[in-house]
Every structure is written in C-alpha cells, then in structure tokens.
Amino acid sequence: MGPLGAALRLRIGFISHLPMWSPVTSGHPMILGCLLPRFQERCWALSCRGIKRIAGQREQTEAWDKHTSEELKVPFARTATGTFFQEQPKIGNPYLEDAFLQGYLKAHLPSKVLEEVSLDLERFGARVVAEIDSLGRECELNPPALQQYNAWGQRVDHIITCPAWKRLKEIAAEEGLVAEAYERRYSNWSRVHQITKLYLYAASSGLFSCPLAMTDGAAKVIEWMTERRGGSDVGCSTETVAKEQADGTYCLYGFKWFTSATDADMTLTLARIMDVHGEVEQGSRGLSLFFMEVRDKEGKLNGVEVQRLKEKLGTRQVPTAELLLDGAKAHRISAEGRGVASIANMLTITRIHNVNGSVSGMKRIINLGRDYASKRVAFGKFLKDHPLHIQTMARMEVQRRGAFLLLMEVARLLGLEETSMASERDQLLLRLLTPVAKLYTGKQAIAVISEGLECFGGQGYMEDTGLPVTLRDAQVLTIWEGTTNILSLDVLRSLTKSQGRALVAFFSAVQGKVELASNIKDLESAVQRMQSAISKLEEFSQRVGSKGPSGTELAARDFAYTLARIYTGALLLEHAARPGASFTDIFTAQRWCTQDLCPVATEEATGSYDPEVASLDTSLVYEGSPFGRM
C-alpha cells in the first residue's frame, strides 16, 4: 500500500469522529454516510491508533496531512466555507447611466426646461442609489403585518409597516413625486418631468410607487371633478351602499375585497345611494363617488374593520386588505350617479403609473445584468465578452427602449391635455394609447424580467439576492387596473365611442413619424416594414367592421398588440431620424421593426377569428371536462 492509501485509511479514522455535515467531507456527506456504517468498527480502531500516533508524533502527522491535501487538491480541507464567490451587481445613477433617456429629453424639452430638469434628475438619481434603493429592499424584507387586537382585547386593526416604508413616504413628499405634475412649473412638460422622475424611482421604491399612483389619481379626480365625461364600466359589481345623514354626510356599508395601500389617511370610494325605501339603482349609473377619512380625529378607525391582509404572489411590501365598512362616515364629492364618470381620469393616471412600473422594472434588471456581465467570469472570460449573452441583453434593451418611448408619449399627451394645449388628435390618441401602453408593457415587463433573471444563472433564483422579487412583483402589472383582455376590449370601446376618429388619429400620427425617417438610408428597410404593417392594419380595420361585434372581440387582443408595435416602431423611427441621433438609436429602430408588426393580420390569415374557430376553442379548452358536456 502506497503512502496515499495509508493516509486515506488514517483519515477515515479521524473523520469518523466528526459530524456528518462537517466541511472535511469536501461536500460529499452522502458518500461518507454510506461508508461509515460499513466500516464503523475498523474506522474506530484506526482512529484510536491515529490519536495515539498524534500524541507522540504530531509533527509527522501534520506533514502527512499537508502532503495528503496537496496530493488530493481538496479545496475545502481546512476551511469552513467554500471558495465560491461572486461580486454583487450594483446599480449606478439611473439618470446618468441612461443615455437613451437623456437623448429623449434633449430632443423634446425646451433648452431652459432641459437644463433645470437634468440637474434635478441627476441629483435625484444619486439619491436613488444612496438612499432609496436600500429602503426599498428593507420594505421587501419587512412586509406589513396586521394587529387586530391590543393587549387588552380591544379591536384596533392596526396595520404595522416598517420604518423604511414610512421614510419612503417622507421622501416622496420631499421630492414632490405627485405634486410636481400639479404645480406646473414647466407648463405642459411638468408631466414628462414627473413621470421621468418616477421612472428613476419606481423599481427601487419597494412598491411605494403604488400608493403614489393612487394619490396621483385621487388628485386628478379632485382637479377634474367638474368634468362630465363618461368612463369605463368599472363599477357595476360594487355592492357598497350609502345612507344619507341629517347633516348631509353619508354612512357607508359594504365589503371591499381588495383595498390597496390601506395605511393611507384617506380614500375615494364608489357606493350606491340608498333611497328612502331602502332601494338602490344597479349598474354604473347608480354609483356615486365619496371621500372618506380612514381614521377619526382621535386616531380610531372610521367605521372600518380590517378583516385580513391579503397574501399575494408579489407586491408583498404593499399593505393590501379586505375591509368591512360598517357606518363609515363619508362625503359625496360627485354628482349623484356620476361616480364612474368622475373616476375616468383617475384610471388614466393609474394606468400610466402602471406603464411606468413596467418600464422601470425592465430597466433595473437590465442595469443589474449589465453590471454583472462585467464582473462574472464564465468559460474563461467575462459574460460581456460572450456574444450570445450580449445579444440576449440587446434584445431585452430594444424592448425596454420601445416601452420607454411609449411611456413618454402618453406622458407628453397627458401634459398637453392638462394645460389645455391638446388638439383633438392629441386627446383621441391619449384615450386610445393609454390602455394600449398599459396592456403591452405589462407583458413586456414579465418577459424581459424573466429573461433578465437568467442572466444571473442560479443567483437569479436565490431569494437572498433580491432578484426573484422583481419577477413576482412584475406579474401584477398585467392584472392591476385591468387584465390584458379587459383592456383590449377597452381599446375597442375607445374606437366605438369616437366613431372611428381615434383610429384615424392613430394612422395620421404614425404616418407623420414614419415619414420623418423615410429619407434616411440606414432606416429604409425598417420604414418599408412599417409601411407594410400600416397597410395591413388599414385593410384589416376595413374588413373587420363587416364581421360584427363577435369577430371584432375575438381579434381585440391581437389588434391591441398591433397598435402597440406599430406606434412604438413609429416612435423609434422618429427618435432615430432626429438630428444628432446615435448609431444605437438607428440600430434599435431597425431591430424593433424585424418582429411581426401586425400580428392581427397574421392571425386573421390563419382563420383565428372565424366563428367556427371560437367553437373549436371551447372544445379544445374543455375537452374531457364535465363542463364541456353542459
């Protein structure tokens, strides 16, 4: 037997005295576990002889131990932790490191506004890195809790949030993240300034962007309370009723299954006014809008019971609860029966915030992945030096840039509307593009963030890295403020209500943007693809009108996707055609236009919208199910 074999036999005796999980096992506890029962007596004898030998020959044993380690090259022989180590990816200043954002602002903002806004965004970007990002992480690690009773058995329904959540609330006020849009320091560009600031903020905010969205929406409702526009049919299922009191206030009774940011100080809610006979009017026309303070002057809940906090896939940082309203005192702030119409503007705001959350989330995962690719070595070189890895990230970045321009477009249109500077075309586009942008960017965010997690390998799946939460939180973006299908139908509703004028405005805006790029040689192929897609969409729009509502509804989702891809492509072409555009701006427009820009025409060609196909869809889904035989 050679020296290696003798050393191994000796070491088995030493190892038999150690716990099964000892690092001396070199990461193979199961192998050791199989050997120990079989050789227990022999190992014990060897170990006793080994101990005696150590007592008399310590220097010789240590020499053998060193020789064995060197011969085996065992990395964990004398360490309690492994040698596996990766440098943590970090974000930089989200404004200074976003050349695309800076290029957009330079192309659109007046010079004086650009100068002031840029300084503010650079300063705020530094605050995101130094303070806000760590607070957001703390909110993720310390989600809200509900204390229903105090030590003396009294019902208190106290929602406990962490100090970081409270600090984020203070920062939001200090930075004017909602007020910026209403102070109008920069006239119609104030909305662009605010949304850009929120874009830098949202992904690092620990979801405090959610209560900010609702605060912004509530401010919008109050500002536009005299408007008499109709809104989406969002309140037909509301069961909350309101009883008028002698002093002109109302008491609200009902159950709210999903109430977000329930640590707020006030809320706006819909309810049906009960007449003297105890009857209420059903449907949207029976709803009125009420203002309600959550707590009274003594700090006690205002006729509100918190039944429980909701357990959600993501957005766990946000306290979302089931509430029972039992005589909650409230004030009616809309005309009776005009509640839904009053919150129409709120839906516009919250949906734009949703778009912002999508784009901000995409940008964060790409920024982290970009930093990580410059640190992580695989197969002998940095990830950034692997062309396939960078190609994948480039495709993610193209999606993010397109989504960013769509976000900025609806922000720009909203700013024009709020300052009475919007043309009829601007107003029609805002109504049409808001649900389009919301539904499409929500889908983009999930796809891009999921792809982004792969950029970190196994670390992207580990909770303590803080990466998986980005994907869980992104899933809400396709659900909150309307699912993809609901918003697709809302897109059709905007066309119907405008008697087709919204689609005319869409084609007019798109053609104008594409024409700006028509004389640039590097954009010729992209322009041709766009023109082809526009023609296909025009032809489809003419045909679909003759098929009736059922045919239109089946195509609604693909139709909305088509509007998003074509309009975004036009925005990218416009951006690439401006003076001073970079070669990456041109490349982004080229890459965007290589995808199917008119999926609604593609699906129509396969017969997806034929009436008989709808019946086959049902058979496919319910085949083998007892419901399929009903």
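The protein's secondary structure comes to 23 helices and 10 strands. Keep in mind that this is a predicted model. The chain has 630 residues, and 49% of them count as buried. The surface tells its own story. About 31,500 Å² of the protein is exposed, and carbon and sulfur atoms supply 55% of that area.

Next, look at contacts along the chain. Take those in the protein with a separation of 6 or more. Residues 24 or more positions apart account for 75% of them.

Now turn to the strands. Start at strand E3, which covers residues 241–244. Strand E4 covers residues 250–259. E3 and E4 pair in the antiparallel sense, over four bridges. One residue pair to find is glutamate 244 and its bridge partner in E4, tyrosine 250. E3 and E4 form a hairpin, with five residues between them. Glycine 248 sits in the turn and has a positive phi of about 90°.

E4 has another pairing to trace. Strand E8, residues 321–332, pairs with E4 in the antiparallel sense over eight bridges. Find tyrosine 250 again: opposite this residue stands alanine 330 in E8. So tyrosine 250 is the bridge partner of glutamate 244 and also stands opposite alanine 330.Finish with a helix. Helix H12 runs over residues 344–373, and asparagine 354 has its place there. Is asparagine 354 buried or exposed? Asparagine 354 counts as buried because its relative accessibility is 1%, and the cut-off for buried is under 20%. Which residues does asparagine 354 contact, leaving aside its neighbours within four places in sequence? Asparagine 354 is in contact with Lys438, Leu477 and Trp480.

Definitions and conventions: Residues numbered from 1 in each chain as written. Predicted model: local features only at pLDDT ≥ 70, side-chain atom pairs only at ≥ 80, totals over all residues. Heavy atoms only, no water. Helix = DSSP H or I, 4+ residues; strand = E, 2+ residues; numbered from the N terminus. Buried < 20%, exposed > 50% of the residue type's maximum accessible area, 1.4 Å probe, protein only. Contact = heavy atoms within 4.5 Å. Areas by Shrake-Rupley, 256 points an atom, 1.4 Å probe, with all protein chains shown as cover. Pairing = 2+ DSSP bridges.
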